[in-house]
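Biologist: Could you take me through the ligand site in this one, close up? I'd like to know what surrounds the ligand and what the pocket around it is made of.

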Amino acid sequence: MKVFPYLKDIAVKKGAGYLLLVDPDKIEGEKLAEFSDICRDAGVDAFLIGGSLLTKGDLSETIEIIKSRTNIPAIIFPGGVEQLSPLADAVLYISLISGRNAEQIFGKHVLAAPIIKQMGIEPISCGYMLIESGKTTTAEYISGSRPIPRDKPEIALSTALAAEYIGMKSVYLEAGSGAENSVPAEMIQLVSSQVNIPVIVGGGITTANEAREKVESGASFIVTGNYFEEPENWGKIKDFAEAVHFKNN
Ligand code: 1GP
């Protein structure tokens, strides 16, 4: 099965899906192998691999290690055209629709499209929306895009609807990695109740309860990254997965 239908199936069956973000700059080698095993046993539904800024990590090597330990889909979450690999199962084909930087909305996509075609990776189009979260995030700074004010859910809704009408397959409400404040419940509720495509929510989620609240607000997928960069937190991955998979409980 292709990755996107697999993910949509999970959201229906389990209530929502749990995606774990792996930044190749932050984890590698044996440590990554151990982390992959824990994610597999905890019930993580897919890996997102990449980052707004990659300085030293090796994307292909990261995917290779993950795939040697699990059957969980490896989806590239690209910070740029250079973050592509034929080893991935899919690529989140993100268009930064909250900003007005044409390169991030469609320019880089033109450069990436023939590479994706040639590599044979499944593209999953995604309207990516930065949501203001307290301080400047790496995604905001690197992309040169202003986030949507967190107290303006109607702007988020209008933007998400535009993405759906254009034909994008998903939208991502992104507070940014390590955000001070995660995406507000009111915004998730409004967007999820009005659009007919999956709503992915991530950025600044640090407890299983918070993940559950986002799902109860209507998120189809929850993404966490930063919190599990600390090995001492790895024991909680299962709690997060169970909180997200509310239909399994
Ligand atoms: C960032 O939404 C993801 O792109 C995850 O954010 O690292 O804060 O969990 P965190």
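Modeller: Sure, and keep in mind that this is a predicted model. Let's start at the ligand and work outwards. There are 14 residues around the ligand, and those that come nearest are Glu174, Ser177, Gly178, Gly204 and Asn226. Two of these names come back when you look at polar atoms. In the side chain of Glu174, an N or O atom is 2.4 Å from an oxygen atom of the ligand. Ser177 also uses its side chain: a polar atom there lies 2.5 Å from a ligand oxygen. With Gly203 it's the backbone that takes part, through a polar atom 3.0 Å from an oxygen atom of the ligand. As for how covered the ligand is, on its own it has 300 Å² of accessible area, and the protein covers 97% of that.

Now for the shell as a group. Two elements give two or more residues to it, namely β6, which runs 170–174, and β8, at 221–224. Glu174, one of the nearest residues, is thus numbered within the β6 range. By class, the shell has nine polar residues, four nonpolar ones and one charged.

Stepping back a bit, the space that the ligand takes is the largest pocket. Its volume is about 470 Å³. The lining of this pocket counts 31 residues, with Leu21, Gly176, Ser177, Gly178 and Asn226 closest to the centre. You'll recognise Ser177, Gly178 and Asn226 from the list of residues that come nearest the ligand. β6 and β8 turn up again here, each with at least two lining residues, and α5 (138–143) does likewise. Sorted by class, the lining of the largest pocket comes to 16 polar, ten nonpolar and five charged residues.

For contrast, here's the other pocket you may spot on screen. The second largest pocket holds about 390 Å³ of space and is lined by 22 residues. Nearest its centre are Pro78, Gly79, Gly80, Ile94 and Gln104. β4 (90–96), α4 (102–119) and α5 each supply at least two residues of that lining, and α5 is also among the elements that line the largest pocket. The make-up of the second pocket's lining is 14 nonpolar residues, seven polar and one charged. So if you want to find the ligand's surroundings on screen, begin with Glu174 and Ser177, whose side chains have polar atoms 2.4 Å and 2.5 Å from ligand oxygens.

How values were computed. Residues are numbered from 1 along each chain as its sequence is written. This is a predicted model: local features need pLDDT of at least 70, side-chain atom pairs count only at pLDDT 80 or more; totals for chains, interfaces and linings use all residues. Side-chain values use heavy atoms; hydrogens and water are left out. A residue is near a molecule or strand if one of its heavy atoms lies within 4 Å of it. A polar contact is a pair of N or O atoms within 3.5 Å; within protein, one must be able to donate a hydrogen and the other to accept it, and residues adjacent in sequence count only if both atoms are side-chain atoms. Accessible areas come from the Shrake-Rupley method with a 1.4 Å probe; for residues, only the protein chains shown count as cover. On a 1 Å grid over the protein atoms alone, a cavity is a set of points where a 1.4 Å probe fits but cannot get out, and a pocket is an open set with protein on both sides within 12 Å along at least five of seven lines; lining residues have an atom within 4 Å of a point. A molecule sits in a cavity or pocket if more than half of its atoms lie within 2 Å of its grid points. Helices (H or I, at least four residues) and strands (E, at least two) are DSSP runs, numbered from the N terminus. Ala, Val, Leu, Ile, Met, Phe, Trp, Tyr, Cys and Pro count as nonpolar, Asp, Glu, Lys and Arg as charged, and the others, Gly among them, as polar. Grid points are joined across faces, edges and corners, and a volume is the space filled by probe spheres set on the points.
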